[in-house]
Amino acid sequence: DSQSQQILFFAGAYLYQSGNYTLARIYLEESLTLSEAIFGRDSIKTILSLNLLALTLNQLDKNVQAVALLTEALHNIKYCSDGTAKTLIAVKANLAMIMRQMGNLSGSLQIYEEIIPECETQGDTGIFYANSLSGLAAV
């Protein structure tokens with residue numbers, strides 16, 4: 001049920017923040033499975049689950065899988081009726097970061113160049129904006 005999905009997601013998020021990525025992965029994979037079954041692939045809850053699971057996989061050096069999940073999240077967010085522009089920016093920023101770590105500098109650069117105007121349009125010159133500028137400088 002939706003309460004179980006939420007508990008699994010928050011437990012996974014806590015474990016991620018605590019640095020226990022292996023256990024976080026287990027909780028987040030289950031959260032994603034429930035989220036897709038309950039809310040559908042284009043729900044904001046599913047997209048957030050994809051995003052956090054991708055970050056977790058990145059910490060476990062499973063970058064190819066992480067990129068695939070973030071790419072799926074970007075595809076699904078197009079159809080998301082309850083999504084926000086900031087969620088889209090966050091997913092793009094995470095994808096650009098992982099692509100940069102993998103050595104795909106041109107792909108990373110292209111995404112960072114998309115994010116910065118989006119941040120300005122949304123009036124978000126906070127953390128995503130700063131991280132995008134930092135990522136762009138690193139490319």
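The following exercises, each with a worked solution, concern a predicted model of a protein chain.

**Exercise 1. Overall make-up**

Determine how many helices and strands the protein chain has, and what share of its residues is buried.

*Solution.*
Step 1. The protein chain contains seven helices and zero strands.
Step 2. Read from the N terminus, the order of elements is therefore written α-α-α-α-α-α-α, with each helix being a DSSP run of at least four residues.
Step 3. Of the 139 residues in the protein chain, 43% are buried.
Step 4. Among contacts with a separation of 6 or more, 57% join residues 24 or more positions apart.

**Exercise 2. A network of salt bridges**

Identify which residues are linked with Arg41 in a network of salt bridges, and classify each by its accessibility.

*Solution.*
Step 1. In general, side chains of opposite charge can pair when their charged atoms come close. The cut-off to apply is a nitrogen-to-oxygen distance within 4 Å.
Step 2. The side chains of Glu36 and Arg41 form a salt bridge, with an N to O distance of 3.3 Å.
Step 3. Arg41 also forms a salt bridge with Glu72, where the closest N and O atoms are 2.3 Å apart. This pair links distant parts of the chain: Glu72 lies in helix 4 (residues 63-77), while Arg41 lies in the loop between helix 2 (21-39) and helix 3 (44-59), 31 residues apart.
Step 4. Glu36, Arg41 and Glu72 are thus linked in a network of salt bridges.
Step 5. Buried means under 20% relative accessible area, and exposed means over 50%. Glu36 has 25% relative accessibility and so counts as partly exposed. Arg41, at 42%, counts as partly exposed, and Glu72, at 21%, also counts as partly exposed.

**Exercise 3. A salt bridge between two helices**

State which helices are linked by the salt bridge of Lys92 and Glu114, and decide whether each residue is buried or partly exposed.

*Solution.*
Step 1. The closest N and O atoms of Lys92 and Glu114 are 3.2 Å apart in this salt bridge.
Step 2. Lys92 belongs to helix 5 (residues 85-102) and Glu114 to helix 6 (residues 105-121), and the two are 22 residues apart.
Step 3. Lys92 has 11% relative accessibility and therefore counts as buried. Glu114 has 33% and therefore counts as partly exposed.
Step 4. A search of the whole structure finds four salt bridges, and the pair of Lys92 and Glu114 is one of the salt bridges.

**Exercise 4. Two helix pairs**

Describe how helix 5 is placed relative to helix 6 and to helix 3, using axes, handedness and the classes of the contacting residues.

*Solution.*
Step 1. Two packed helices are described by the angle between their axes and the distance between the axes.
Step 2. The axes of helix 5 and helix 6 come within 8 Å and cross at roughly 155 degrees. Because angles over 145 degrees count as roughly antiparallel, helix 5 is roughly antiparallel to helix 6.
Step 3. Helix 5 passes helix 6 in a left-handed crossing.
Step 4. Residues of helix 5 that take part in the contact include Ile89, Lys92 and Met99, and those of helix 6 include Ile111, Tyr112 and Glu114. The contact has 11 nonpolar, two polar and four charged residues.
Step 5. The axes of helix 3 and helix 5 come within 11 Å and cross at roughly 20 degrees. Angles under 35 degrees count as roughly parallel, so helix 3 and helix 5 are roughly parallel to each other.
Step 6. The crossing of helix 3 and helix 5 is left-handed.
Step 7. Helix 3 contributes residues including Ile47, Asn51 and Leu55, and helix 5 contributes residues including Val91, Asn94 and Ile98. This contact has nine nonpolar, five polar and no charged residues.

Terms used
Residues numbered from 1 in each chain as written. Predicted model: local features only at pLDDT ≥ 70, side-chain atom pairs only at ≥ 80, totals over all residues. Heavy atoms only, no water. Buried < 20%, exposed > 50% of the residue type's maximum accessible area, 1.4 Å probe, protein only. Axes fitted to C-alpha atoms, helices over the stretch in contact; angles between N-to-C directions. Parallel < 35°, antiparallel > 145°, perpendicular 65-115°, else oblique. Left-handed = near helix turned anticlockwise from the far one by under 90°. Contact = heavy atoms within 4.5 Å. Nonpolar A, V, L, I, M, F, W, Y, C, P; charged D, E, K, R; others polar.
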